[in-house]
Amino acid sequence: DDSKQLTLKDILSDKQQIRFTPLEHSDVNQGIDNAAYWIKFSIYNPRANGVTWVLYPELSTQDNMEIWVKAPNGKWLYNKQTDHADFNKRSISYRLLNATFKIKSQETTTVYVKLSSESKDFANLNLYVSGQSNLREILAKEYMFYGMYYGLFLASILLIMSIWLYAETYSYKYYFYFLSYLTCNIFMWLSVNGLSFQLLWPSNPTLHNQSLHILYLLVTIFGFLFSRELLNTKKKLPKIDRVLRLLIVIFIIAIALRVTNFAHDFVFYTAAFGLLSLATLPLLAWLCYKKGAIYLVFYIIAWLPYSISTLLHFFSNAFSLTRGDYSSLLVSQFSVLFECFMLIIATLSKMQYRSKKLIKLTLQDPLTSLGNRRQLEEHAIALKNHRQDNRQYWLLLIDLDHFKKINDTYGH
């Protein structure tokens, strides 16, 4: 329904009824769209008692869900649920938009569902129908899963804060950007999973609907800022560094537009482009690695799963290449968690690299890069501790006459 103006009376007409086709797996993902979709199905209650059914979409990005259930007397019972109302207005306290309806024992009824969004977004038509008692078991498993997931995220934040406090190897900007990136990722996934609306701001649907794209952009901004510090792009890739700074400015402008609720489509595509642009970071790290930054191996490993999963998830959803269901979203979600822990390892790897480099500098003559007196003493001690009886060691001293003239002429 491109116009979003069709009513149930229109849908019940023969003209519209012939437009209904079986919902195949290939129909679930409709790509980026702003149309309304009507779904029709029948449901039978085989139990000896009445059942309260719960209808809910697969993803939390669904804005509106209207449902018509045909009662035994032939009347249609109407229920509308929207993400633009307070969370407590939902039929049950669940992170996803939902509507309930009752069916008596041994009864079959017809249900019509209208799904729509206020603006362009990824359209997913997958719906679930579950008995209310069965949903409690689903909720228990979901909350246990999400508790473990976000617990690991918080553990990563505590770990990087500990590194900051006890090993001040980097500037405060590096740790601030890293912690901001991790924090924004937590809030972004809370919003994607629908948990931020349920747990953080249930009485603020405006913030719930405005925050997701802003969080996408903030994740991108802090991902770039953190990576600029770790990769040292200002020195190693100056031209690319200027591009990154320009993109950061564009993303900040997009956040300002989203806050003022202006140019929604521009913000939507900019946020999507921002998340996709993070997929280029393994390539930038590889370019820096080729310039001698050998500590970036873990950084590249960290970003590869995210890059691959994000590209596949976005293009499959945008162009309806796959079903685009919750499983593909889970892959992206876990790739981000894996990435965060690998970035911590990359941070420790760079610290180890810099530590070894500093130790090396203390043992070398800065002019010739030859070993200095300190290294000679350490080497002599090592030889003494590991000396074998049948092996002899010799010390050769060379003295060059008049070498002072060469230093005075050509410099030290």
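Is Cys184 buried or exposed? In this predicted model, residues are numbered from 1 along each chain as its sequence is written, and local features require pLDDT of at least 70, side-chain atom pairs pLDDT 80 or more, while totals for chains, interfaces and linings use all residues. Side-chain values rest on heavy atoms, with hydrogens and water left out.

Cys184 has a relative accessible area of 10% and is buried (under 20% relative accessible area, with over 50% exposed and partly exposed in between; 1.4 Å probe, protein chains only). Cys340 is likewise buried, at 0% relative accessibility. The closest cysteine sulfur to that of Cys184 lies in Cys340, 11 Å away and too far for a bond. The structure accordingly contains zero disulfides (a disulfide being a pair of cysteine sulfur atoms within 2.5 Å).

Helix α7 (residues 205-231) and helix α9 (residues 238-259) have axes that come within 10 Å and cross at roughly 160 degrees. Helices are DSSP runs of H or I with at least four residues, numbered from the N terminus; axes are lines fitted to C-alpha atoms over the stretch in contact, with angles from 0 to 180 degrees between N-to-C directions. The two helices, α7 and α9, are therefore roughly antiparallel (angles over 145 degrees).

Residues in contact (heavy atoms within 4.5 Å) include His213, Leu217 and Phe224 of α7 and Leu244, Ile248 and Phe251 of α9. By class, the contact of α7 with α9 comprises 14 nonpolar, four polar and four charged residues (Ala, Val, Leu, Ile, Met, Phe, Trp, Tyr, Cys and Pro counting as nonpolar, Asp, Glu, Lys and Arg as charged, and the others, Gly among them, as polar).

Methods: Angles under 35 degrees count as roughly parallel, over 145 as roughly antiparallel, 65 to 115 as roughly perpendicular and the rest as oblique.
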